[in-house]
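Here are my notes on this one, point by point. Have the viewer open while you read; I start with the strand pairing and work outwards.

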Amino acid sequence: TLTQHRGRGALICFEGLDRSGKSTQSKRLLEYLKQQGDVELWRFPDRETPTGTLITAYLENAESLDDRAVHLLYSANRWEKMQGMVKKLESGTTILLDRYAYSGAAYTAAKNIQGASLAWCQASDAGLPAPDRTIYLHMSPTAAASRSGYGKERYENIRFQEQVAQQYNALAQQEPASWSIVDADQDVDVLSTEIQHLAMTVLDDVKQGRALRHLR
Ligand code: NYM
Ligand code: MG
């Protein structure tokens, strides 16, 4: 039978250092994709949930937590949204992610904690929906720092961001086919256009029947 079936939505993730422009670019892509169909922008950490409240207190230095404990909180913060995410995707809505599991792995691995290798850091997110594409906003830590400066949150310093960049690099090399590395230190409109083109190729792949995968 020829039943009209609306395919699943695409899962597109933005990653990059603090101040690399993820929020700006993900919002711009959201507006652009609204012309094509149903699309939502989700951001991690989701600061509204119970784990999100704890994470915010930690980031603002109001709370000190063990590094592994906070790592698992970030991961739990994603897991608590997982069923809703899968349902949305299955119903045909595209989801844009402003940070996701790759931030979790990169930021904790950047701490160089004995015993918390990159593989250890990735383990707690295994099984979550895998992005169809991860758009990495590449920018040097010095260039990012010179953009209207960092806030007062934990991690927002050049030294640490250099370590984060190294970990992102290792993650990109694990999945070269699903990572697109774009130059985030260029004109914001030019970059938006580049990202729009990229996103359209992803939406096409998904329309052709590309299956939703899971993080390993
Ligand atoms: N961060 C974010 C982590 O350390 N682990 C994670 O799993 C995620 C999703 O939170 N400096 C860090 C990176 C950021 C901080 O995010 C807050 P944002 O996008 O700057 O509000
Ligand atoms: Mg930040």
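1. Let's begin in the sheet: β1 and β3 run parallel and are joined by four bridges. Within that pairing, Leu11 sits opposite Ile95 of β3, and Ile12 stands opposite Leu96. Keep in mind throughout that this is a predicted model.

2. On its other pairing, β3 meets β2, again in the parallel sense, this time over five bridges. If you want a residue to click on, Leu41 has Leu96 as its bridge partner in β3.

3. Zooming out, what is the order of the strands in the sheet? It reads β2-β3-β1-β4-β5, an open sheet of five strands with parallel pairing. The edges are taken by β2 and β5 (179-183), each with a single partner strand, so one side of each has no neighbour in the sheet. On average, neighbouring strands are turned by 20° against each other, direction ignored.

4. How well covered is β3? Five of its five residues are buried. That holds for both faces: Thr94, Leu96 and Asp98 are buried on one side, Ile95 and Leu97 on the other.

5. Thr93 lies in the loop between α4 (82-90) and β3. Thr93 counts as partly exposed because it has 17 C-beta neighbours inside 10 Å, and a buried residue needs 20 or more. Its contacts, setting aside neighbours within four places in sequence, are Gly9, Asp38, Val39, Glu40 and Lys88. Thr93 and Arg8 are 85 residues apart in sequence, yet their C-alpha atoms are 6.8 Å apart in space.

6. Now α1. This helix has twelve residues and reaches 16 Å from first C-alpha to last, close to the 16 Å expected at 1.5 Å a residue. Its buried residues are Lys22, Gln25, Ser26, Leu29 and Leu33. Seen down the helix axis, they fall within an arc of 100°, so they line one face of α1. You may want to look at Lys22, Gln25 and Ser26 in the viewer, as they are among the buried ones.

7. What does that buried set of α1 pack against? The partners are β1, β2 (39-43), β3, β4 and α9. As for orientation, α1 lies across β1, β2, β3 and β4, and runs at about 165° to β3.

8. On to the core. In soluble globular proteins, nonpolar side chains tend to be buried together. Here the largest nonpolar core has 36 residues, and Ile12 and Ala106 have the most contacts inside it. Two or more residues each come from β1 (11-16), α1 (22-33), β3 (94-98), α5 (101-109), β4 (133-138), α8 (158-174) and α9 (188-207). The largest share, six residues, is from α5.

9. Ile12 deserves a click of its own. Not counting residues up to four places away in sequence, Ile12 touches Leu96, Leu97, Pro131, Asp132, Arg133, Ile135, Ala199 and Val202. Leu96 in that list is also the residue opposite Ile12 in β3.

10. Helix α2 (residues 50-59) has Thr51, Leu54 and Ile55 buried. They cover an arc of only 100° around the axis, which puts them on the same side of α2. What covers these buried residues includes α3 (67-79).

11. Some backbone spots to check by eye. Phe44 and Pro45 are joined by a cis peptide bond, with omega about 0°; Pro45 is in the loop between β2 and α2. Just after α2, Asn61 takes a positive phi of about 65°. Asn112, not a glycine, has a positive phi of about 55°; its place is the loop between α5 and α6 (118-123), and it counts as exposed with 10 C-beta neighbours inside 10 Å. Tyr155 has phi near 80° and is found in the loop between α7 (141-146) and α8. With 15 other C-beta atoms within 10 Å, Tyr155 is partly exposed.

12. Last one: is Val190 buried or exposed? Val190 lies in α9, and it is exposed, with 10 other C-beta atoms within 10 Å. From Val190 to Ser148 is 42 residues in sequence and 20 Å in space, C-alpha to C-alpha.

Definitions and conventions. Residues are numbered from 1 along each chain as its sequence is written. Chains are lettered from A and ligands numbered from 1 in the order in which they are written. This is a predicted model: local features need pLDDT of at least 70, side-chain atom pairs count only at pLDDT 80 or more; totals for chains, interfaces and linings use all residues. A nonpolar core is a set of buried Ala, Val, Leu, Ile, Met, Phe, Trp, Tyr and Cys residues joined through C-beta atoms within 7 Å. A residue is buried if 20 or more other C-beta atoms lie within 10 Å of its own, exposed if 12 or fewer, and partly exposed in between; C-beta atoms are placed from the backbone. Two residues are in contact if their C-beta atoms, placed from the backbone, lie within 7 Å. The expected span of a helix is 1.5 Å times one less than its number of residues. The arc is that of the directions from the helix axis to the C-beta atoms. Two strands pair if DSSP finds at least two bridges between them. Axes are lines fitted to C-alpha atoms, for helices over the stretch in contact, and angles run from 0 to 180 degrees between N-to-C directions.
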